[in-house]
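User: Please take me through the side-chain packing and backbone features of this structure in a series of questions.

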Amino acid sequence: MNFLALPVLIPLVSGALLLLLRRPMVRTVSSGVVAAVTFFVNASIAVRTWSGEVLTAQMADWPAPYGITLVADGLTGMMLFLSGLTGFLTVLFAGISLQQPSRRGQGPLLNRAREAFGSQALFQFLFMGVNMSFLTGDVFNLFVAFEVMLVASYGLLLIGGELPQLREGFKYVIVNLVASAIFVVAAGFAYGLFGSLNMADIAVRLSASGADPRVAVVAAMLALVFATKAALFPFGFWLPNAYPVPQAATSAFFAALLTKVGAYALIRCFTLMFPAEAELKMTILAFAGLTLLIGGFGAVSRRRWRHMLAFANVASIGYVVMGAFIGTVTGMSAALYYLVHSVLVVFALFLLAAIAERIAGESYRAEGHLDVYPWLGAGFFLASLALAGIPPTSGFIGKFALISSLFEAGGSLRFMVAGSAVLTSFLLLYACVKVWRDFFWGEADAVHRISLPRSMSMITGLGVGLLIVLTLASGPVYRLAEGVAGQLTENRSYLESVLVGALLVGEGD
Amino acid sequence: MTGSQLLLLAVALPLLASLVAPVAARVMGAKVGWLLASVFVPTLMLFTDVESVRSGTALEARVDWVSGIGLAFAFRADGFSLLFASIIAAVGLLIFVYAASYLGPGERHGRFFSYLLIFAGAMLGLVLADNLIALFAFWELTSISSFLLIGFWGARKASQDGALKALVITVLGGLALLVAVVLLILIGGDTRLSALDLAAIKASPLFVPLVVLLLIAAFTKSAQIPFYLWLPTAMEAPTPVSAYLHSATMVKAGIVLIAKMGFLFEVAPFSQVVLYVGLATMFWGAYLALRQNDLKALLAYSTISQLGLLTALYGAGHPFAATAHLINHAVFKAALFMAVGIIDHSAGSRDIGALSGLWRKLPFTTVLAVPAALSMAGLPPFGGFISKELFFEEMLHEGTLPTLIAVSGSIMTFAYSLRFLRVFFGRFRCENPGVHEASLPFLAPLIPLSVAVILFGLFPWDATIATWFTDLAAGSLGYEGESLYLWHGLGLGLALSVLTWFSGTALHLIRDHFVAMQTRLTPGWNANTVYYQLLAGLEHLALWLTNFTQGATFATHLRLIWGALALAGLGVASHAIFPRPGPVPLSMAIVGLLIVASVTGVLLARTRFSALIFMGLAGFGSTLVFVLLRAPDLALTQLLIEVVTVILFLSVFRFLPVLKRYSRPAPVALIDGIISLGVAFTVFVALVMVQVPLAPRIKDYFLAFSKELGGGYNVVNVILVDFRGYDTMGEITVLAIVAVTVLALIRLRFKRSQAGHEENRGER
């Protein structure tokens, strides 16, 4: 079933080919087509996994655990679907951002220069890395996927060469290289201690060998790496300043998906390989609670849209990780539902911010836009409610499920985390309402209508529309999340599918 | 259409209509209000089933939404809910008609009615909801939609401020409700309000926090002390909004909560808390209402006061009196707000000092408003008198102190009601020469309200009027259906009423002195200043915290990551059992020393060139390690990498700035040293601990099959290009991406500097 490699191979090949194409228009169109194909492939894999099936592919036909195994279970399917969807929209949005100069210069011209120097190809490489990390069932291969993601994202962050880009890009790459260094060391130790790099194999070996305190060292190292990637407190201070600097489409994808890869890796590691590391899991839960506050207060402290949203994104990572580490299946279901919501809401908000920046430039003193741009206002308001978890949006369902799972599981730490979750949702609402007040309310005299590319508004509308769809389809999506959470907790079928025909160490003798 | 379908439609129709309103308004303008008023018809039609509700069978309807968390649109119309829904619908209908005349042609009618419809739908959902999660959802939706309504004139700073204040306070209360709902469901074992396990809730250790949270929610929404401050500034909303939000709906949401969950508050300390908070609010609201010069502000503080009265009655377990007053208040307050809107519209002012004798110009308004104002004052034969009388009687049961507060509050209520009436009577004074009576559609909504005020007062016992309503709620709130009487007999209650009228009149006459005293007594701070200070505090805290964490130097961010790695090793070293490492060969020890020495050299180097030499030396050391481990191919590879690195460095040397050293303070240097040693320790610990794996390593497979299946003698090579070729593909891609990025960076900057920063400059 080697079509599992397609989500990696399609972007890889097309990324390389895009570098050869000469004309911007051709590049833009083919990039969009390729992204659509990837989305289609991702979605068809996803749909198959959601029926409970675990798909695997042994690369070069080496039986697991000796070669590299690609695995797609429900969680992978979920992530692939989201990455395909947001990736496709990102490419479209980036393509449109090249059109029509805005009144305040900046955007399109710079974007055109970026496009000319390979941003389309870099997007494809980024998608490759992202899909690779969702599909892999191998610790070292995950490291490779992270490397691909890191350099591609670093490239996208830098391209354009503005001063803030270089400054924040430097920090971004150093922090991530440090994380990579720790990752590669940890992967080495993982092999040394467990004797294998295949995650399923490690899981089987660990459950057979019984408790050993040495496992915690490797688990902690990996947790540290993924926490840094996911911008978890106190390792995430690099993120909020870095994400607003690249072009709009890039920061939308970064915020919506890239940080979620870290969260995904945390979830995968601790459900598959280290479900028994209770103390470490509690520590991560506590850190997630603090991450919420950092994100919430940070959002309140920032007045520029994208800066505020970068912090809001940190908070939403906090929610996802918090739910995943409550330690119950209900908590995991809530976390997975929230994950879907979080990707969509952050993505929609960043697109809205891109339009706002086109209208008003970087200036955040601009006011009175509701009368001139009522649809932008409606979209922002709706997305804000979703972000802060206010009814009747999908965010509310996620937030309610999370908080209810925390109380259900009980314990003083979980109560405290619940407190910070509740407080953070207030802070996020307050931050959004301030933007609403400053940008949409106020005197409309100084506001001039500029014409936006119609397709730009359409994609943004689609982004907000996806939130509405999610809200309406919350019943089925939540059931899906419950199914996936169940699969993560009871991972027998995952292990069997990966290690099919292989010698199950510890079970044979 | 069955009853339960109708019930769903009652809530859904306003919400759905909110989507259509902007389109309809584009065609019809403000008159769309007349059309949209019809959304309340399904709610009023619920009365077709009223007899069965009366006999105790509630109407129920349910549509599942997210069954995973138990969220469903489950509605249950028992007597009280139905009564309340009908008030919301009836007043809502009148408000929509009224708003159609109130809004000028230049306003954004679509948006206005859209907001108002969301609000109405949310309010109906709130009172009818049986599913606790849905109840919370509607609760929050009222907060959100009222935020939009209060800030409807968003260009005004005062509107923005009022809207934000209402949102902040009610949403904070909403969060309390959120946690309370979660706890109720977990402890009570059901998502349905009507099916909660009361005994389990009362026995739970979380009972007290639960009730406290519920009370916070109710008090914030219903503007009780100390949360009342959002209500007066909410008057920045267009008057139809104020008339709706503050007579029948928004502020009554908290009362609904207290009434519906009364079974939780019955217990001793809570009923007293609710009683006294309510009474204090009643007193304080009336006290502040006396000072107001703006008609609308007077009504706002009056609303706070009346809400206090309702809270006290429901909280102390007198639902009959409370329900009677709830109906009365909704009716007379809506009428009064509407009258103020008309005055504002035609006289161009709401200043009590600038207006009097308006009956000459506004005769119909006067006729319609006076009964409502007298009802507020508690005079017979108007509805307010009857419920005020019941209030006194219940407070007499509660004791002396409650009675005292109730009476003194009522005296002030009487006084401010007289003051309200002043604008209609006396010498004519109005600065606007064009003052005129309102049109019939504008006045029409007041007519049924005023008629109700009079009917409720004159024929309270009639089974088709007020008593009919109070009876309706009897079953669900658990009181005996009593009759309301205009004449309660010569009791202490009547005596107190008479006392209220006379003292109230006296207070009105000496009002100037009283206000002067109030001004003297006013402290330099109040709930508002506290609110602004807290909000500023929040902003400061957010800014400080964020600057503290973000402002930390980049090195500190790295310290945190490395420090965590160091801790990981230390934490495990304390309780891990280590396998004994074997003997270390002398040659390896020497090479190890060489590497450590050269890395130290890199750190201490004063010039970049010497640093480079030391780096090369360290690389040479690792090459030696491979040699000693008998891996000549790896050693060769490593050597090649080291050589290339040094050459590359040398070639870009001249472009790099001079190496600068930043001195760090001794403590920082110490911490950094500790972290570095900690990291080294962790790595060392890990190295030792992996000497004995938990399970056999899979290397044997590679050794066995490398040649046979992989076609190569060099196992490492076969692993790289075959067993794990997929990894290698990724790593090659990494290099390609780096190349693309570097090229782009150089070329783009180069091109830009050629173009003279054209694009970058823009309009800056």
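The exchange below treats the cores, the aromatic pairs, selected buried residues and the backbone.

User: What kind of model is this, and how are residues and chains labelled?
Analyst: This is a predicted model in which local features need pLDDT of at least 70 and side-chain atom pairs count only at pLDDT 80 or more, whereas totals for chains, interfaces and linings use all residues; side-chain values use heavy atoms, with hydrogens and water left out. Residues are numbered from 1 along each chain as its sequence is written, and chains are lettered from A and ligands numbered from 1 in the order in which they are written.

User: Which helix gives the largest share of the largest nonpolar core?
Analyst: A nonpolar core is a set of buried Ala, Val, Leu, Ile, Met, Phe, Trp, Tyr and Cys residues joined through side-chain atoms within 4.5 Å; buried means under 20% relative accessible area, exposed over 50% and partly exposed in between, with a 1.4 Å probe and protein chains only. The largest core has 465 residues, and those with the most contacts inside it include A:Phe226, A:Leu336 and B:Tyr244. Helices (H or I, at least four residues) and strands (E, at least two) are DSSP runs numbered from the N terminus. The largest share of this core, 24 residues, comes from residues 329-360 of chain A, helix α14.

User: How many residues does the other core have?
Analyst: This core lies apart from the largest one. Its members include A:Trp62, B:Ile698, B:Tyr701 and B:Val718, and its size is 8 residues.

User: Which residues does A:Leu336 contact, leaving aside neighbours within four places in sequence?
Analyst: Contact means heavy atoms within 4.5 Å. With those neighbours set aside, the partners of A:Leu336 are A:Leu75, A:Met78, A:Ile267, A:Ala481, A:Val484, A:Ala485 and A:Leu488.

User: Why does the aromatic pair of A:Phe170 and B:Phe554 join two chains?
Analyst: Rings of Phe, Tyr and Trp (its six-membered ring) pair if their centres lie within 6.5 Å; planes under 30 degrees apart count as stacked, over 60 as edge-to-face and the rest as tilted. This pair is tilted, at 6.1 Å centre to centre and 55° between the planes. A:Phe170 is partly exposed at 46% relative accessible area, whereas B:Phe554 is buried at 16%. The pair joins two chains because A:Phe170 lies in helix α7 (residues 163-194) of chain A and B:Phe554 in helix α27 (residues 554-573) of chain B.

User: Over the ring of which residue does the charged end of B:Lys361 sit?
Analyst: A charge sits over a ring if NZ of Lys or CZ of Arg is within 6 Å of the ring centre and within 35 degrees of the ring normal. One such case is B:Lys221, over the face of B:Trp139 at 5.0 Å from the ring centre. For B:Lys361 the distance to the ring centre is 5.9 Å, and the ring is that of B:Phe428.

User: Is B:Gln306 buried or exposed?
Analyst: B:Gln306 lies in helix α16 (residues 295-315) of chain B. Beyond residues up to four places away in sequence, B:Gln306 touches B:His325, B:His329, B:Phe332, B:Lys333, B:Met376, B:Thr413 and B:Tyr416. Its relative accessible area is 2%, so B:Gln306 counts as buried.

User: How far apart in space are B:Gly285 and B:Ile225, C-alpha to C-alpha?
Analyst: B:Gly285 belongs to helix α15 (residues 268-289) of chain B and is buried, at 1% relative accessible area. B:Gly285 and B:Ile225 are 60 residues apart in sequence, but their C-alpha separation in space is 9.1 Å.

User: What is the phi of A:Asp61?
Analyst: A:Asp61 is in the loop between β1 and β2 of chain A. At 68% relative accessibility, A:Asp61 counts as exposed. Although A:Asp61 is not a glycine, its phi is positive, at about 65°.

User: What is omega for the cis peptide bond that joins A:Phe233 and A:Pro234?
Analyst: A:Pro234 is found in the loop between α9 (214-229) and α10 (239-242) of chain A. For the cis bond from A:Phe233 to A:Pro234, omega is about -5°.
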